[in-house]
Amino acid sequence: MSRYSGQIAIPGWGREAQERLKSSRVFIAGAGGVASAAALYLIAAGLGGIRLADQSRVSLEDLNHQILYRDQDLDKPRVVVAESRLKEVNPFAVVESRVKPISGHNITRLTADCQLLIDTTNQPNGHLLNLAAARLRIPLLHARVWEMNGHLTTFLPGQGLCLACDSVCLQEEERWSPKAGIMGPLPGILGSLLALEAMQILGGFRPSLLGRLLIFQGSQFRLSEKEIKANPQCSICCRPLKT
Ligand SMILES: [Zn+2]
């Protein structure tokens, strides 16, 4: 209670939301810059469990923007280092690492028992996670960063909105390139926003970014948004949630 007293004191958050956060588990696809910032904040803030999947090793060009890793971690699997570092931040959290690519074969196992999915990786994984979120009827947070730009939104398949629903989101997705450069603080900004949205959802509040694609342009310090429209014909999420 002392560890989280700063949050518990916030009107509208309190002990009940904190306990919900503590009893939640999140799956994060990827262990790069956005995942680094988001995982650090979520674990520090009292998230009960986190499962990370990624197949990459720490490389020198990661270190300008992936704050989970240090020079001594070079060539080690990113999620193994991430697990160790996150346990240092909060030894009461359950941190699981999976050194493997995400595929249609393992997505069900990877996301089992999770209440929220977070996608920080690339387009094929985005659609796999979208399908998993639709199957599990849980929210999917989706973030991308490139150069000095980033975007972030929340999908909730079954409440009429998923990655496959709207061409705006898919067009933004196409602008992203895995080979693009990255300004160091950008993943930190998007990862922090993502962690805050995740905490609100897991704390029992309605997602703030449902139907809104938040766009940050770092070169102009401009935060804007585009509306994402649900597609009633969407084959992924057209079936309503059972209430
Ligand atoms: Zn949809």
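These legends walk through several close-up views of a predicted model.

**View 1. Strands β2 and β3 run side by side in the parallel sense.**
Let us start with two strands, β2 at residues 49-54 and β3 at residues 94-99. Six bridges join the pair. To find your place along them, look for L52, which has S97 of β3 standing opposite. On the way from β2 to β3, the chain passes through helix α4, made of residues 78-89. This β-α-β crossover is right-handed.

**View 2. Helix α3 crosses helix α4.**
Here the helix α4 of the previous view meets α3, which spans residues 33-45. Their axes come within 9 Å and cross at roughly 35°. The crossing of α3 past α4 is right-handed. Which residues make the contact? From α3 come A39, L40, I43 and A44, while α4 brings A82, L86 and V89. Sorted by character, the residues of this contact are seven nonpolar, no polar and no charged.

**View 3. D75 sits in the loop between β2 and α4.**
This view stays on the path from β2 to α4, at the loop that holds D75. The backbone is worth a look here: phi of D75 is near 75°, a positive value in a residue other than glycine. Is D75 buried or exposed? D75 counts as exposed because it has 8 C-beta neighbours inside 10 Å, and 12 or fewer is the cut-off for that class.

**View 4. R137 also has a positive phi.**
Now move along to the loop between α6 (123-136) and β5 (140-146), where R137 is found. Phi of R137 is near 60°, and this residue, too, is one other than glycine. How many C-beta neighbours does R137 have inside 10 Å? There are 14, so R137 counts as partly exposed.

**View 5. F216 is a buried residue of strand β7.**
The last stop is β7, residues 212-217, the strand in which F216 is found. With 20 C-beta neighbours inside 10 Å, F216 counts as buried, because a residue needs 20 or more to be placed in that class. Which residues touch F216, leaving aside its neighbours within four places in sequence? F216 is in contact with N149, G150, I189, L190 and L223. For a sense of scale, K22 lies 30 Å from F216, C-alpha to C-alpha, and the two are 194 residues apart in sequence.

How values were computed:
Residues numbered from 1 in each chain as written. Predicted model: local features only at pLDDT ≥ 70, side-chain atom pairs only at ≥ 80, totals over all residues. Pairing = 2+ DSSP bridges. Helix = DSSP H or I, 4+ residues; strand = E, 2+ residues; numbered from the N terminus. Right-handed = clockwise from strand over helix to strand, strands pointing away. Axes fitted to C-alpha atoms, helices over the stretch in contact; angles between N-to-C directions. Left-handed = near helix turned anticlockwise from the far one by under 90°. Contact = placed C-beta atoms within 7 Å. Nonpolar A, V, L, I, M, F, W, Y, C, P; charged D, E, K, R; others polar.
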